[in-house]
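Thanks, everyone. I will keep this short and go through one chain, starting with its fold and ending with its cysteines. Please look at the model first.

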Amino acid sequence: ASSCRQPIDIRGISDGNRLLRREDYVACRAIDESNFTRWLPADEDSNPWFMVDLGEPRSICRTELSLYRPTLGHAYQLESSLDGQQWTTVVRQAQRQIRSPHVDVVDIEARYLRLTFLQGHAGVWEMKVYASSE
């Protein structure tokens, strides 16, 4: 990811000294299959992006993006790469769309996927990538 927001401590309302939990926003939270965790970029990150390494090239047929603050809408670009150096735009959602999840049907071969936020509050609750059945 381009950056990660600093973790925060959640304390009790009546007893501010009692630590209830610590929330962090590291990139792996966006692929942990939990709707209670998320990745968020640092506040000062002016070009936030999130990348997934699938470990080896895969045939991909669909992605699902559950993005932070979905009711405000997002515009984004999704790129693919086989080597992490040369990137091809797969999806460019140039206008802000209000939905959750954002589902994109694709037909690509990729090892890496990179999501760049164009508009909206950057952050990913969950990213899912589906392989073709071939």
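Going along the sequence, the pattern reads β-β-β-β-β-β-β. The count is 7 strands and 0 helices. Keep in mind that this is a predicted model, and every value I give is computed from it.

On overall dimensions, the C-alpha trace spans about 55 × 30 × 25 Å along its principal axes. The chain has 134 residues, and 36% of them are buried. Its accessible surface comes to about 8000 Å². Carbon and sulfur atoms account for 44% of that surface.

Next, contacts. Take the contacts between residues at least 6 apart in sequence: 69% of these join residues at least 24 apart.

Now charges. There are 16 positive side chains and 19 negative ones. The centres of the two sets lie 7 Å apart.

Last, the cysteines. How many disulfides does a search of the whole structure find? The search returns 0. Why does Cys-4 have no bond to Cys-28? The closest cysteine sulfur to that of Cys-4 is the one in Cys-28, and at 8.4 Å it is too far for a bond; the cut-off for a disulfide is a pair of sulfur atoms within 2.5 Å. As for exposure, Cys-4 is partly exposed, with a relative accessible area of 29%. Cys-61 is also partly exposed, at 28%. Both assignments follow because partly exposed covers the range between the buried limit, under 20%, and the exposed limit, over 50%.

That is the end of my part.

Key: Residues are numbered from 1 along each chain as its sequence is written. This is a predicted model: local features need pLDDT of at least 70, side-chain atom pairs count only at pLDDT 80 or more; totals for chains, interfaces and linings use all residues. Side-chain values use heavy atoms; hydrogens and water are left out. Helices (H or I, at least four residues) and strands (E, at least two) are DSSP runs, numbered from the N terminus. Buried means under 20% relative accessible area, exposed over 50%, partly exposed in between (1.4 Å probe, protein chains only). Contact means heavy atoms within 4.5 Å. Accessible areas come from the Shrake-Rupley method with a 1.4 Å probe; for residues, only the protein chains shown count as cover. Lys and Arg count as positive and Asp and Glu as negative; His and the chain ends are not counted. The place of a charge is taken as NZ of Lys, CZ of Arg, CG of Asp or CD of Glu.
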